[in-house]
Amino acid sequence: MQDPTESEPWWRGAAIFQVYPRSFMDGNGDGTGDIAGIRSRLPYLVELGVDALWISPWYVSPLADGGYDIADYRDIDPAFGTLAEAEALIAEGHDLGLRTIVDLVPNHCSDQHPWFRAALAADPGSAERALFHFRPGRGPGGDLPPNDWQAHFGGSAWQRTTDADGRPGEWYLHMFAPEQPDWNWDNPAVRSEFESVLRFWLDRGVDGFRIDVTDHLVKEQGLPDSAGHHGRPDPWRDQEGVHEIYRSWRTITDGYPGERMFVAELWENNPARFARYLRADELQTAFNFPLLKSAWDAAELRGVIDDTLSAHALVGAPPTWVLSNHDTTRHVTRYGRADTTYDFDRAGRFGRPVDVDLGTRRARAAALLTFALPGSVYVYQGDELGLWEVEDIPDELRQDPTWLRSGHVDRGRDGCRVPLPWSGTERPFGFSAGPGDADAPPWLDVQPAAWKDRTAAAESGAPGSHLELYRAGLRLRRAEPGLGDGPMGWLPSAPDVLDFTRPGGFRCVVNLGPSPVALPERAEPLLASGPLEGGLLPSDTAVWLRWEE
Ligand code: TEU
C-alpha cells in the first residue's frame, strides 16, 4: 500500500467498504439502517482498516428498487436521516481518515421525481417529456411498445401512460423497473442537471462517485430494435456518445482539491471496450466484475487477472477487485456450491446445495488473494464477517423488483441485503441501537439464527475469525510498500496454485486444488487464511510470505 504522503492518488490502491445503508446499522430503532447507524460504526470501519466508504443511495426514494429510484438527488431520504447528518458523516469520516464515495444514479430516476411527474402531466412533444424517452406506440392504436427492448428486471422496457382524458397515451422507456424512467441524455437540460448534482455533493466534501450502470446513459439514435444488432453494442448501452459525458465530469472533479474520483459500475466483458471508460481524461476506476463472476479455479482466475492487468495497462488505470456487492450472491455461498461461478442467472442457481464451511474457507483465501493484487479492493458489508446468502426468505417478504418483474422466477437480491448482525446471540443481533424493547424488527427480518456466531462482537478479538483475518490482512496491506498500486509477477506453480510476487519480497500463494502443496522454501509466513500444517499449504488456503528471491 503506497505511503499516503506519496504523490500517487489515494484511489490507486485504496481499500473501500461498501455500505448498503438500509441494512448496515439502525441508529434510531425503527428497523431501517440509517446515517446515525453508519456514524456510530465509523470506529468499527477504522479498526477494520479501510480507507474509504462507498455508500449506496441514501437519497429521497420510494424504495421501489432499494433506493436506486431517486426522487431528489440533493436530499437524504427521511428514513435514512437528514442532509445535515450526511454532511456530518462526511466530516467525521475525514477526521478519522476515511473518505466517502456516494452513489450516483444518472441513467434513470424515480417515477416520483418532480420532473417525471411534470412529464406525465405534459403533452407529447413537450419540453417536459423531452427529458425522458417518450414515444408513441407501434401498431393499430399505438398498442405495441415502440421497440423490442427488454428491461433488465424482466418484461418490456416500455410502460404505457394514460392521457388526461383517460385514453392510452405514449410509452416511456425504463431499462429497469417501470418506477425508474430513463433520462434522455441527448437533452442538454439533463446534462446540466447532473453537473449541478455533482457539484452539490463535491461542495459537501464527497471524495468520489460510484456511477450506476455507467454504460447505459446514451442510447443509439432512433432507439432501433435490438434484433439484428449481432456483434454490435446493444442499442441501449456502450454508445460512443457516453464518453463525452464522462470527459465533462472529469473536468469538473479535477477542478476540486483532494483527488476526487469516479468508480464505474460497468458490466462489460470486452476488456478493450471496458478500458475506454478509464482513459486519462475520463473515469479513474471501474469495478472489475470478471473476477466476481469467475469460478474458484486457478486457471480461470489467472486468466481474468492477466486480462484485467493488460486492459488497465492500456490506459494506465489501476484495477479494482471485488468479490460481492448488493446485487450479487454473497461469495461464501457461491464458493460453497459445486458451480462456483456467478452471473445474473440467479434463478438457475437458487437453492443449490451449499457447503458453508467450504465456501467460508475459500472466501478467506479469496480475501487474501484480492488484498494482494495490484490496485484497489472493495469489501461489501458483511463480507468481513463471512456472511452467506440468505436464500430461505419467505416469498411474501421479498422486496427486490426482480422477483415481481421476472414473474416470480428470479428471487432476486434480498438474500445479500439482510441486515447485519452486530452483537448478541438472538435476532436481530444488535442491528438496532434504538430505545431497546421498543425497537421495530429489521425491515427484512430474516437473519439466520446461525449468524449468532458471525456477529461483529462474536468475531472481534476471536483468533482466526473472519473479521480478525480481514483486519490483519488490511493492516498488512496498508503497511506493505509493495501492495496496493504497482506491479506483480507470476511464479511457476502447479496448475491448481496461484503464486505471485509484489515488490519488497512479498509473495502470495493460493492453493485452489484438492490436496495440500508444499510451502515455498526460504519464505516466512506473514499471514494465512487458514492453519498451515507441517510445511504444507492446505487446500483452499492462501498464504502471504516474506521471501528471498
Ligand atoms: O445494477 C445494474 C446491474 O447490476 C445490472 O442490471 C446490469 O447493469 C445489467 O444486467 C446490464 O448487464 C445497478 C445497481 O447496482 C442495482 O442495485 C440497481 O437495481 C440497478 O443498477 C438499477 O439502478
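**Exercise 1. The end of a helix**

Find which residue just after helix 10 takes a positive phi, and give its value.

*Solution.* Look just past helix 10: Gly-316 has a positive phi of about 70 degrees. Keep in mind that this is a predicted model. Now go to the N-terminal end, where Asp-297 acts as the cap of helix 10. One of its side-chain oxygens lies 3.1 Å from the backbone nitrogen of Ala-299.

**Exercise 2. Checking the length**

Work out the span that helix 10 should have, and compare it with the distance between its end C-alpha atoms.

*Solution.* Start with the 18 residues of helix 10, residues 298-315. The rule is 1.5 Å times one less than the number of residues, so the helix should span 26 Å. Its end C-alpha atoms are 26 Å apart, which agrees.

**Exercise 3. The buried side**

List the buried residues of helix 10, then say which elements they pack against.

*Solution.* Taking buried as under 20% relative accessible area, we get Ala-298, Leu-301, Val-304, Ile-305, Thr-308, Ala-311 and His-312. In an α-helix there are 3.6 residues a turn, so residues three or four places apart point the same way. The partners of these buried residues include helix 8 (271-276), helix 13 (356-372) and strand 15 (497-502).

**Exercise 4. Empty space**

Describe the largest pocket and the largest cavity.

*Solution.* The largest pocket has a volume of about 640 Å³. Of its 28 lining residues, His-152, Phe-176, Val-213, Trp-267 and Phe-344 are the closest to its centre. The pocket lining divides into six nonpolar, nine polar and 13 charged residues. Turning to cavities, there are three of 30 Å³ or more, and the largest has a volume of about 100 Å³. Its lining has two nonpolar, three polar and seven charged residues, with Arg-337 and Glu-389 among them.

Methods: Residues numbered from 1 in each chain as written. Predicted model: local features only at pLDDT ≥ 70, side-chain atom pairs only at ≥ 80, totals over all residues. Heavy atoms only, no water. Helix = DSSP H or I, 4+ residues; strand = E, 2+ residues; numbered from the N terminus. Buried < 20%, exposed > 50% of the residue type's maximum accessible area, 1.4 Å probe, protein only. Contact = heavy atoms within 4.5 Å. Polar contact = N/O pair within 3.5 Å; in protein donor to acceptor, adjacent residues only side chain to side chain. 1 Å grid on protein atoms, 1.4 Å probe; cavity = no way out; pocket = protein on both sides within 12 Å on 5 of 7 lines; lining within 4 Å. Points joined across faces, edges and corners; volume = space filled by probe spheres on them. Nonpolar A, V, L, I, M, F, W, Y, C, P; charged D, E, K, R; others polar.
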